[in-house]
Amino acid sequence: MEQSNQVYLLLPNILKMKFNNAKLSIGILYIGVIVLASIIALYFQIENHIISHFGDTIKTVYVFIFLVIIFTLPFDIFSHIKLNPKKEKKILEIIYANIILFLIFILYGSVIFYSYDKQSLSLCILLSIITQLMLLPFQELSIKTLLKGRPNELGGFRLMIIPESPSYMTMNILRTFKHTMIVVPKHWTIQNSENYKFHLERFKLNIKKKNHIKSYLFSIVINTILFVIFYSYYSNTNISAVAFTIKVSLIFNIIGFVYILVLPSLSQRGIYSIDNI
């Protein structure tokens with residue numbers, strides 16, 4: 001009887017471990033497919049095949065972006081189905097999100113195309129910085145519209161409560177041009193109050209130390225340096241703006257994978273530094 005009770009008590013943790021393992025496996029699989037596809041596309045110089053079929057104009061960049069969205073959409077839907085309970089499955093929202101993502105990619109693809117086409121290093125640097133700063137309002141807009149975030153305030157800090165957040169979603173810091181807020185999934189607010197308050201204090205300390213701003217600035221510098229390196233290298237090879245845009249998009253997919261590998265260790269260091277205050 002005692003052993004049965006112990007198994008019963010451990011069951012939620014076992015199920016949670018299985019869920020976390022499944023989430024991790026699906027995430028690794030998804031990213032692995034994108035990285036592998038990007039490497040194959042670079043190896044076979046897919047930009048030349050696309051240009052030969054659709055021409056060497058900016059419209060070809062839009063075709064490439066459309067093909068990327070079509071390629072990744074089934075994986076988005078598959079991971080959404082696997083990670084969410086039946087009541088939380090909203091396939092239409094995934095499709096709407098991909099439509100918005102397509103429009104954002106068109107904007108960014110146009111900027112990359114334009115910056116390379118003008119063959120101006122200073123313009124390249126300026127547009128790289130501007131496009132990264134544009135992510136700040138895009139993040140706020142997506143949380144308010146797609147996730148239906150509701151503004152709140154606690155202890156002088158701005159919160160954005162997500163009422164219908166996925167069960168695996170965690171808290172995060174959202175920086176906009178105007179202010180900083182803590183994004184809080186609704187299910188966090190109804191859990192153990194001490195645990196919720198503890199994590200809130202962590203985020204508050206993070207904001208006070210301005211670690212999130214340092215992270216944004218650091219990422220902008222790194223991404224801009226990389227973009228300038230690619231621009232300088234390919235501008236000497238006489239490839240077209242269309243080919244450059246496609247190549248750089250694929251390369252940054254791979255770089256994004258490297259960022260994901262490095263991020264956990266950096267995140268842990270940040271948590272340790274906050275906990276030691």
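This report walks through a sheet, the helices packed on it, and two other helical spots in a predicted model.

## Ground rules

Because this is a predicted model, local features need pLDDT of at least 70 and side-chain atom pairs count only at pLDDT 80 or more, while totals for chains, interfaces and linings use all residues. Residues are numbered from 1 along each chain as its sequence is written, and side-chain values use heavy atoms, with hydrogens and water left out.

Helices (H or I, at least four residues) and strands (E, at least two) are DSSP runs, numbered from the N terminus.

## The sheet

Four strands make an open sheet in the order β1-β2-β4-β3, with mixed pairing; two strands pair if DSSP finds at least two bridges between them. β1 and β3 are the edge strands, each pairing on one side only. On average, neighbouring strands here are turned by 35 degrees against each other, direction ignored.

Let's go pair by pair. β1 (residues 150–154) and β2 (residues 157–162) run antiparallel, joined by five bridges, and Glu153 has Arg158 in β2 as its bridge partner. Two residues separate these strands in a hairpin, and Gly155 in the turn has a positive phi of about 60 degrees. β2 and β4 pair in the parallel sense, again over five bridges, with Leu159 opposite Ile182 in β4. At the other edge, β3 (residues 172–175) and β4 (residues 180–185) are antiparallel with four bridges, and Leu174 faces Met181 in β4. That pair is a hairpin too, with four residues in between.

## What covers the sheet

Five of the six residues of β2 are buried, so this strand is largely enclosed by the rest of the structure. Buried means under 20% relative accessible area, exposed over 50%, and partly exposed in between (1.4 Å probe, protein chains only).

An open sheet with the order β1-β2-β4-β3 has β1 and β3 at its edges. Helix α6 (residues 135–145) packs on the sheet, touching β2, β3 and β4, and its direction makes about 120 degrees with that of β3. Helix α8 (residues 193–208) packs on the sheet as well, touching β1, β2, β3 and β4, at about 160 degrees to the direction of β4. Contact means heavy atoms within 4.5 Å; axes are lines fitted to C-alpha atoms, for helices over the stretch in contact, and angles run from 0 to 180 degrees between N-to-C directions.

## α5 against α9

Helix α5 (residues 121–133) packs with helix α9 (residues 211–235) at about 145 degrees, with the axes 10 Å apart. Among the residues that meet are Leu121, Cys124 and Ile125 in α5, and Ile220, Phe227 and Tyr231 in α9. By class, this contact has nine nonpolar, six polar and no charged residues (Ala, Val, Leu, Ile, Met, Phe, Trp, Tyr, Cys and Pro count as nonpolar, Asp, Glu, Lys and Arg as charged, and the others, Gly among them, as polar).

## The two sides of α2

In helix α2 (residues 46–54), Glu47, Ile50 and Ile51 are buried. They sit on the same side of α2 because they cover an arc of only 100 degrees around the axis, the arc being that of the directions from the helix axis to the C-beta atoms. Ser52 and His53, on the other side, are exposed. Right after α2 comes Gly55, with a positive phi near 95 degrees.
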